[in-house]
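Me: I've just opened this one and would like a quick tour. Can we go through it in questions and answers?

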Amino acid sequence: MERIFYSDEFEQLLKEKADQFRMYPSKRVWHSIYNNLHPSRRWPSAAMSLLLIITLHLTGYLNTNDTNINNQFIGNTHTGNNISSHNTAQKTEAQRQVFTNTKQQSPNAGLEYAAKALVTNESEISVNTDVSTVDQGTLAQNNAGTEKFSQENKVSPIPDNNIVQAIDAYIKTNQVFTDVAGANKKVKLKASSPSIDNIAEEETPGENGKNKTGTGMSNPKNEFNTLANSSGTDKLAPGDKTPIVKKDITPNDKSLAYEEKAWIEDYAFHNKPQGKKWKGKLDVEFYATPAVNYRKLTTASKGSTAPFATTGDINQFISQKPGLGIESGIDLSYAFTKNLRLKTGVQFNYTNYNINADQTNHPVLTTVLLNDPITGYSYLASRTSTISNSYNSSALQPVVLHNRTYQISIPVGLAYKLSSTKNVDWFAGASVEPTYVFGGKAHLISSDLKSYVYEPSSIRNWNLGFGFETYMSYKLGAYNLQVGPRVRFQAYSTYQRNVALIEKPYAVGLKVGIVKGF
Amino acid sequence: MLTGCIKNNAAAQEALYNRFSPRMLGVCYRFAKNREDAEDMLQEGFIKVFTQIHQYRNEGALEGWIRRIVVHTCINILKKNKKFTDSVDIIHATSVHIKEDMIPSIMQAKQVVECIRTLPLGYKTVLNLYAIEGYSHKEIANMLDIEESTSRSQYTRAKAMLEEILIRKKIIQKQRKRTDFYGAVSPS
């Protein structure tokens, strides 16, 4: 460019205004550019699908059969049957404060129509008020994801004097109406311009609920616009006029309408209100991880007392199989940066693996190896057992022992975005999980490796877990679907310190989660 | 970001695109007939930018370099559509009618841009290239395959017409009384 700018003020004005002008392109432009520059990149969906299928098949294959155990010798378990549902009684009371059972009619057809629309989805809010003995069936029904509970209390429509207040509160809290009202104001500003002269007026619905054209109140948007433009107590008298902008009829009508729309979009983009700082950064995730649990036993004997009957790998003398467990919970994640997220939440863990054994006909005196809590030296403690290690018995009734734990943990971790495309993100994450074990079953191998002793008290109450995962996050509208493998290790032995056995289980599973952003 | 673009890194390319695309789309919009055409020009322009990014020699601002590529892309597209081979647009566009209600009442920079876009294609292009993009008449003549004198005369007429429009829209004040033939004008 050879010329010197600004030969006069007019050119200076043109240059300044043109440089200030911005327009924001649609997403398709970038997508087209990207596809043009990177034609060979295709998301490895086939590979990930194959991995998912293989993992699911592996999980199902390794899940062993549950065999009925003779509870006469093993005893009762504590499985947490008293886990209750959320406090439905409190919810019932709160809802009763909002809605009443009066049946007054509304003289205003328009407001009543809106009230019915608001109440429609919440008319079935009857709640089971008895929370002390919620059975599993009701619990499952209540957790179905809908708001339909058992049919004990029906709710009548809102009375007339509360309709207006309810609608007011709804309008004030519902951003949709204010956005529509704002858009209407913008349209009104444009309507006042001399370049757009064709302004039509439309009467509000009359007493019969129909407008001038007889279309009635069938258009919710018009109805909500009317509500947004009026106060809660104003009555919409017949003949009231609500100005709207009629389509321009100039020769270049189509291009101008599109440009008008584009300008409104650009203006809204530049002038959008400041949102909350954490909005868009905070997500909530509901997830479940069906997993296969493995374990490895080691011995921890000390001193001169005869240790276990073998000095080699004790696992060679035990017949055991991995079992199916699950980890499920709720996570909150906060995006520190574009690629790094902090996650924490609550997680319920169920671990399980299976031991093949045989049930004896009579109790057998045996010993288990324990460690003295003060000196640390091992000693033999007498126990009775009716379960024999299947390696050492014959012609006895086979049984499958289930070593289980029920845990609550608070995972705290990080997730890092490895890659991102239009709708799919790839993350890797790790977490530390302080864990409380509130129940379970444990069978200890005897010191001579010939018997199993049921010792639920040997389970450690507090433990620490570590989780490692990688997952794909797929955008599905307002939600994200996250799928990926996860491994969880346990830092400390399942058993308490006084048990001369160390069990370090680990779980390999497939995590599936639904994420919703705030 | 520049290094990443040279290495064909998608994230770096997207960052560069997000940074410069709003202003570049504004540039394309001044040349194009509508927003869709402007986005097509922008798309093609940025593809050229990314494929030629390795030729950028850090001589001058990156935005200026991108802008030159985008402007040339716009001109090439217009030429490809055989707009400038029609001599009526450049030479004989003397009686042009512009109706008042064709120009929407909008605010700030967009007002001026929209007024520029209402000009006939030839006037608009020369005005954009000379007054806003800063090309000389000689460069414009080479780009549009016209004579330098044609470029000068078209610019003079375009400037006068635009000035009249802006005065009618009360965007600028009338500085001197005009008694020439720029009355009611219609687009070609």
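Me: Which residues of α3(B) are buried?
Reply: First, this is a predicted model, where local features need pLDDT of at least 70, side-chain atom pairs count only at pLDDT 80 or more, and totals for chains, interfaces and linings use all residues. Residues count from 1 along each chain as its sequence is written, with chains lettered from A and ligands numbered from 1 in the order in which they are written. Buried means 20 or more other C-beta atoms, placed from the backbone, within 10 Å of the residue's own (12 or fewer is exposed, in between partly exposed). On that count, α3(B) has these buried residues: B:Arg35, B:Ala38, B:Glu39, B:Met41, B:Leu42, B:Gln43, B:Glu44, B:Gly45, B:Phe46, B:Val49 and B:Phe50.

Me: How far apart are the end C-alpha atoms of that helix, α3 of chain B?
Reply: Helices here are DSSP runs of H or I, at least four residues, and strands are runs of E, at least two, numbered from the N terminus. The expected span is 1.5 Å times one less than the number of residues. With 17 residues (35-51), α3 of chain B should span 24 Å, and its ends agree, at 24 Å.

Me: How many helices and strands does chain A have?
Reply: Chain A is 518 residues, with 23% of them buried. Its tally is eleven helices and 16 strands.

Me: How many bridges join β14(A) and β16(A)?
Reply: Strands pair when DSSP finds at least two bridges between them. These two run antiparallel, with A:Val487 opposite A:Val508 in β16(A). The count for β14(A) and β16(A) is eleven bridges.

Me: Which residue in β14(A) is the bridge partner of A:Phe466?
Reply: β13(A) and β14(A) form a hairpin with two residues between them, and ten bridges join these antiparallel strands. The partner of A:Phe466 is A:Phe489.
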